[in-house]
Structure formats: C-alpha cells, structure tokens
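Visitor: Please show me the structure, and let me ask how each term that you use is earned.

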Amino acid sequence: MADDIQRASRSGAGAVKVSFEFFPPKTPEMDTQLWEAITRLAPLRPKFISITYGAGGSTRERTHATVSRIVKETMIRPAAHLTCVAAGRAEVDSVIRGYWNAGVRHIVALRGDPAGGLGSRFEAHPDGYATSTDLVRGIRRIADFDITVSAYPEKHPESATIDQDIDVLKAKIDAGATRAITQFFFDNAHYFRFLDRARARGVHIPILPGIVPVQNFRQTASFAAKTGATMPNWLAQRFEGLDDDPATRRLIAAAVAAEQAIDLVDHGVTDLHFYTMNKADLVFAVCHLLGVRAPAEQGVAP
Ligand code: FAD
C-alpha cells in the first residue's frame, strides 16, 4: 500500500517532462491536422517538438518550412531531424546552415535508412556523410547546435549485438551528441535493460524513451517488423476482434500508452518522448494522466 501512495505517476505536479514528434505534412489537409495537433499540445510546454525528415531527404523543404513556422509562431523549441541519405556533404551542410539561419538550434541527427529500403545495405553517398557519427561531427563543425541521436533498446536491425549499438552511441556522444531518443518498444524491460547496459559502459547522456501510441495496430506491427521492435503477443491480444470497432480500439490504444508511460514514470523516468503521428488527443490524455498540464491548469501564471 505504501508503494501505491508513493507512486511517482500519482504525485502529479510537473515532475514529468515531455517532447513530441511530428512528421511534415504532404497536403493542405495534413497541414491543418498537424497544426491542430501542435496547437493542442503546445500549452503542455514540451521541452521540444521534433519534425522528421522523410526517407532520402524527400521532405527537405517541408521539414524546413515546418520548423521555421514553429520558430516564428510558437514559444516551443523545435528540433529538426536530418539524415545522411542521398545527399553530398555540401547539400547536407546547406540544410544545417538553413536550419541555423531560421533560428533552429536543435537537430536530431540520423544516418537514415538505406535508399533501397529497410533490409538492403546502406550505401553512403560518394560525397556524403557515411554514418550518423560523421553527421554529428559535421553539425558540430558548423554551429553550436543541441544534437540528439537515436538509440535502439532492442538493437538496430543492422547491428550484430546491443553492445555494438552502444559502441555506436558512445561514438556519437564523443562526436558531440548530448541526448538520445529510443526507437519505440512495448515492453519497458527492453528499455531498462538497455539503460543499465549503456550506463555501465559510461553513457551518461539522457536517453529518452520513445513511446508510440498504437493508433493503427496493423500499421504499427508492420513498422515494428522493419525496425526490429518486438510486437508482443499480449499487445496483439488486446486489439484482437476489434477490426470493426474503431471507438474501442482508440480507448485500448490510450490505455496501452498510459500503462506504459505510467510504468516508466513509476520506475524513475522523468522525460518521455511521444511519437504523435500528428494526432493530439491520445497523447494529450496520457500527458494529463501524468500531471503534465498547461500552466493555467496548474494554477501557475503562463
Ligand atoms: P545509426 O546510429 O547510424 O546506426 C545504424 C546502424 O549503423 C547500426 O547497425 C550501427 O551499429 C551502424 N553504425 C553506425 N555508425 C557506425 C560506424 N561509425 N561504424 C560502423 N557501424 C556504424 N529516419 C528517417 O529517415 N528520418 C527521420 O526523421 C528519422 N527519425 C528517427 C528518430 C528516432 C528517434 C529514431 C530512433 C529513428 C529515426 N529514423 C529516421 C530511423 C533511422 O534513420 C533508421 O533507423 C536508420 O536505419 C539508422 O539510422 P540511425 O542514425 O538511427 O542509426
């Protein structure tokens, strides 16, 4: 009983910090949806919101336009994702300078997926940055950005072992990264095991757990299969029989994400990163449960 009373997730008031990930919109309708989501989540004062960079740099202009608009129209610090794929160093460097000139001070630096799709071999562009470590070093040379990188609690599909991934994480930190966000996972044991191993190997930067609310079970399962994240049987069972029942699926998705987030917080995690899929409701509800509120709701002046 004493444990219940002391659960961090129930103490409310502001201990949990959040960040949100969005993807750049392709159409005017998607643009409206994105800005509705940002407008709803912004009052929760996320530490940052990050905007992804499409495979092969396909969203270069849209990512730039979205982060620039966030700088101009909100008080939130945006983080712009950037990859090494299909571009020479000069081109990538001009994107980095473009971000800086637009007032962006935080980059999520990634290698990106192979141009031939996941599962094929990554071929660096002949004049490009060859690895994420290389890219982090390149960004550092250009300006004093805050640099976040990825981490893989269940290991990256191309890595032989988790230790190899931790070696790569250490190299990225030596090159200048100051924070990591994990690939999504559903069993928190994967995250805590990875955290223990990384800390034991001298990794001391924050490693934010990436939480993906299951808005669409089939889509998430197919994405998980490609990224090496396990889709546990218990999760499939929770969505079983609900193919024609979207309302219940949404409630289950919220319950699953809440359960995961609450367990992380109860085990001492203070910073959570949500893959929002450009939808606010479910993430907003989970944040509310955790006591993450707009300042006015907490009785604090904005
Ligand atoms: P890396 O750190 O580059 O690791 C990938 C593999 O390369 C590993 O097997 C690693 O062991 C190996 N490796 C890395 N460096 C070296 C080295 N120096 N020597 C030898 N081996 C090395 N993709 C996008 O296209 N756009 C996005 O916006 C995007 N955002 C993401 C955000 C997060 C939080 C995460 C977790 C992933 C994201 N991805 C994104 C996916 C990512 O691009 C892919 O998973 C990609 O396959 C790996 O890139 P990375 O930088 O995550 O991994």
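**Core and ligand shell**

Guide: The largest nonpolar core has 85 residues, and those with the most contacts inside it are F20, F22, L82, Y99, I207, L272 and F274. Helix 10 (residues 246–266) gives the most to this core, with seven residues. This is a predicted model, in which local features need pLDDT of at least 70 and side-chain atom pairs count only at pLDDT 80 or more, while totals for chains, interfaces and linings use all residues. Residues are numbered from 1 along each chain as its sequence is written, and side-chain values use heavy atoms, with hydrogens and water left out.

Visitor: Why is this called a nonpolar core?

Guide: The name applies because such a core is a set of buried Ala, Val, Leu, Ile, Met, Phe, Trp, Tyr and Cys residues joined through side-chain atoms within 4.5 Å, where buried means under 20% relative accessible area (1.4 Å probe, protein chains only).

Visitor: How do you know that S132, S150 and Y152 make polar contacts with the ligand?

Guide: A polar contact is a pair of N or O atoms within 3.5 Å. Polar side-chain atoms lie from ligand oxygen atoms at 2.8 Å for S132, 2.6 Å for S150 and 2.5 Å for Y152, so each pair meets that limit.

Visitor: What makes up the shell around the ligand?

Guide: The 22 residues that surround the ligand (a heavy atom within 4 Å) include Y53, D113 and K172 among the closest. They divide into six nonpolar, eleven polar and five charged, with Gly counted as polar and Tyr as nonpolar.

Key: A polar contact is a pair of N or O atoms within 3.5 Å; within protein, one must be able to donate a hydrogen and the other to accept it, and residues adjacent in sequence count only if both atoms are side-chain atoms. Buried means under 20% relative accessible area, exposed over 50%, partly exposed in between (1.4 Å probe, protein chains only). Helices (H or I, at least four residues) and strands (E, at least two) are DSSP runs, numbered from the N terminus.
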